[in-house]
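Trainee: I would like a close look at a single part of this model, with its surroundings described.

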Amino acid sequence: MDQNDGLFSQNGHCGYILKPAFMRNIDERFDPENPQNDGYKPLSLSIQVISGQQLPKVNIKEGSIIDPLVRVEIHGVPLDQAKQETRYIDNNGFNPAWYDTLQFTIHVPELALVRFVVEDYDKTSKNDFVGQFTLPFTCIQPGTSPFHQMHQKCSGLYQFINENKQLGKNEVTKNDLKTLINTTEAVIFV
């Protein structure tokens, strides 16, 4: 459900979303297992998780303090499926700071979703869910964008999306930006 909400966030959660052009072309057949085609250019995505603010307690025990960690997941074609997480911050849900950088390679950006998940680290059992936010990769825009975590109130997470450029290129042109997001600098408040 989180991914569905994220996918439809690009059109204001209404109507429908048109398939990408390469999936609508009847002359070509898209194979998600092997997405390389004529214009194939994988992208590199670097996300620096900076800090969070006022993350809620998920355990009702007296005196419990959250040990937050952030997991960033990429959902899309099988080649894009990936997840990485930051280290956990011990006993700091009020203002945790990570400054961890996570690297991803995106093969089909038109179908990729980026999901941010905040969890309370637990050494002895499964981590407790705190909140999440999902957005389409193509909706990541330069600048500062406020987002609120789904399922929780009064909490935030700062992400710095540092680079998003074609692999093998040192510079990005304006034409690249018109076809796809190739350089992105954004602070995302989740």
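Leaving aside its neighbours within four places in sequence, which residues is Phe-104 in contact with?

Mentor: The model is predicted. Beyond four places in sequence, Phe-104 is in contact with Leu-43, Ser-44, Leu-45 and Ile-47, with Val-72 and Ile-74, and with Ala-82, Lys-83 and Gln-84. Phe-104 also belongs to the largest nonpolar core, which has 23 residues. Within that core, the residues that touch the most other members are Phe-104, Leu-45, Val-72, Ile-106, Val-114 and Phe-137. Two or more core residues come from each of β1 (43-53), β2 (68-75), β4 (97-106), β5 and β6 (128-136).

Strand β5 covers residues 113-120 and contains Glu-119. Is Glu-119 buried or exposed? Glu-119 has a relative accessible area of 11%, and because the cut-off for buried is under 20%, Glu-119 counts as buried. Its side chain makes a polar contact with the side chain of Asn-127, at 3.3 Å. Apart from neighbours within four places in sequence, Glu-119 is in contact with Asp-67, Pro-68, Leu-69 and Arg-71, and also with Asn-127, Asp-128, Phe-129 and Val-130.

Another feature to look at is the second largest pocket, which holds about 270 Å³ of space. Its lining includes Leu-7, Gln-10, Ile-17, Leu-18, Lys-19 and Pro-20. Glu-110, Leu-111, Ala-112, Leu-113, Pro-136 and Thr-138 also line this pocket. By type, the lining residues are eight nonpolar, two polar and two charged.

Definitions and conventions:
Residues are numbered from 1 along each chain as its sequence is written. This is a predicted model: local features need pLDDT of at least 70, side-chain atom pairs count only at pLDDT 80 or more; totals for chains, interfaces and linings use all residues. Side-chain values use heavy atoms; hydrogens and water are left out. Helices (H or I, at least four residues) and strands (E, at least two) are DSSP runs, numbered from the N terminus. Buried means under 20% relative accessible area, exposed over 50%, partly exposed in between (1.4 Å probe, protein chains only). A polar contact is a pair of N or O atoms within 3.5 Å; within protein, one must be able to donate a hydrogen and the other to accept it, and residues adjacent in sequence count only if both atoms are side-chain atoms. Contact means heavy atoms within 4.5 Å. On a 1 Å grid over the protein atoms alone, a cavity is a set of points where a 1.4 Å probe fits but cannot get out, and a pocket is an open set with protein on both sides within 12 Å along at least five of seven lines; lining residues have an atom within 4 Å of a point. Grid points are joined across faces, edges and corners, and a volume is the space filled by probe spheres set on the points. Ala, Val, Leu, Ile, Met, Phe, Trp, Tyr, Cys and Pro count as nonpolar, Asp, Glu, Lys and Arg as charged, and the others, Gly among them, as polar. A nonpolar core is a set of buried Ala, Val, Leu, Ile, Met, Phe, Trp, Tyr and Cys residues joined through side-chain atoms within 4.5 Å.
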